[in-house]
Amino acid sequence: MSVYSTEQFVDTVYLGDVLELLAQLPDKSVDMVYGDPDYNVGVKYEGKSYTRKFDEYIDWYIRLAKESLRVLKDDGNLFLINYPKQNAYLRVRYLDEACYEVQDYVWIYNTNIGHSPRRFTTAHRSVLHARKTRHNRFYKDQVAVPYQNPNDKRIRQRIAQGSKGRMPYSWFYFDLVKNVSHEKTKHPCQIPQGLYEMLLKASTRPGDIALILFGGSGSEIEVTRRLGRHFISAEIDPEYHRLIMERLKTGTVPADFKLRVPQRTSKPLQQPRLLEAAEKYSINEAKPS
Ligand SMILES: C[S@@+](CC[C@H](N)C(=O)[O-])C[C@H]1O[C@@H](n2cnc3c(N)ncnc32)[C@H](O)[C@@H]1O
């Protein structure tokens, strides 16, 4: 049992391993847990890699999920973003048994990297949604999508009864955070804020506590605070931790963490080669017959 109270951690970002933070949190103390971990595919953060053998990664992922469920209130919601294989293993080896229900949503995006001539290009991720009990709080009105056919008789009835729209589908399109986007920092793996905002609004109300397992660039923490929810988070890397703290303090990304997109230098116009050749012909030589 934890000797700490939740209040001690509210609106703070722990500098260190998230498993250490979790160990200190009391049972059933947060309204939502959200995790966008390292996916174990070789990404380097500030020159460090957290990649390990697949089995070791899944054992770690299970420990993380177990602790996350322990600190989650019974009517709360857990979301874990990852590549489909990692989430499939977590589900089958642990989550399906441990939870009342697990849903596997799909986040899709456009991409111009990772193409291969022998398979289709990966352009989606898995978002696991785990509920501890059948009584999870879920706020459709905060995320409802406007009806496409508001003049339909049945839809008109629903609107008259107060419905704000339909429940979002189990797949979502959000653009990856582009280099030119205002939310982009030097952090290599940012989740689009819109995606997190939808998960947060679907599962919390202002004043609730969201546990953001991996602080990263602070994108999700920023949204949480802007929407009047409380956050608890951890980030193991001191530089990213500094980025998050500065971002929270000043409301902007510190200058040394802004991504500088190389400006296109204007080169002198090149004469297209074919045109060049054609001109030579017309000026110096007779056209071939
Ligand atoms: C995929 S990124 C999260 C990015 C975040 N979603 C965002 O949009 O900025 C994972 C982050 O977790 C951090 N990290 C890795 N292992 C950790 C651990 N055991 N405890 C806390 N943070 C960790 C990494 O430094 C990295 O910043």
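Sorted by class, the shell around the ligand consists of 10 nonpolar, five polar and six charged residues. The structure is a predicted model, and across the chain the pLDDT averages 91, with 90% of the residues scoring at least 70. The points below take up the surroundings of the ligand, then the packing of two helices, and finally the confidence of the prediction.

**Around the ligand**

- The ligand is surrounded by 21 residues, and the closest of these are Asp36, Phe214, Gly216, Ser217 and Ile236.
- Helix α6, which covers residues 219-226, and strand β10, which covers residues 230-235, each contribute at least two residues to the shell around the ligand.

**Packing of α5 and α6**

- Two packed helices are described by the angle between their axes and by the distance between those axes.
- Helix α5, made of residues 193-203, packs with α6 at an angle of about 50°, and the two axes lie 9 Å apart.
- Because an angle that is neither roughly parallel, roughly antiparallel nor roughly perpendicular counts as oblique, α5 and α6 are oblique to each other.
- The crossing that α5 and α6 form is right-handed.
- On the side of α5 the contact is made by Gln193, Tyr196, Glu197 and Leu200, while α6 brings Ser219, Glu220, Val223 and Thr224 to it.
- Sorted by class, this contact of α5 with α6 comprises three nonpolar, three polar and two charged residues.

**Where confidence is low**

- Over residues 274-289 the pLDDT stays under 50, and for this stretch the model has two contacts beyond four places in sequence.

Terms used
Residues numbered from 1 in each chain as written. Predicted model: local features only at pLDDT ≥ 70, side-chain atom pairs only at ≥ 80, totals over all residues. Near = placed C-beta within 6 Å. Helix = DSSP H or I, 4+ residues; strand = E, 2+ residues; numbered from the N terminus. Nonpolar A, V, L, I, M, F, W, Y, C, P; charged D, E, K, R; others polar. pLDDT = per-residue confidence, 0-100. Contact = placed C-beta atoms within 7 Å. Axes fitted to C-alpha atoms, helices over the stretch in contact; angles between N-to-C directions. Parallel < 35°, antiparallel > 145°, perpendicular 65-115°, else oblique. Left-handed = near helix turned anticlockwise from the far one by under 90°.
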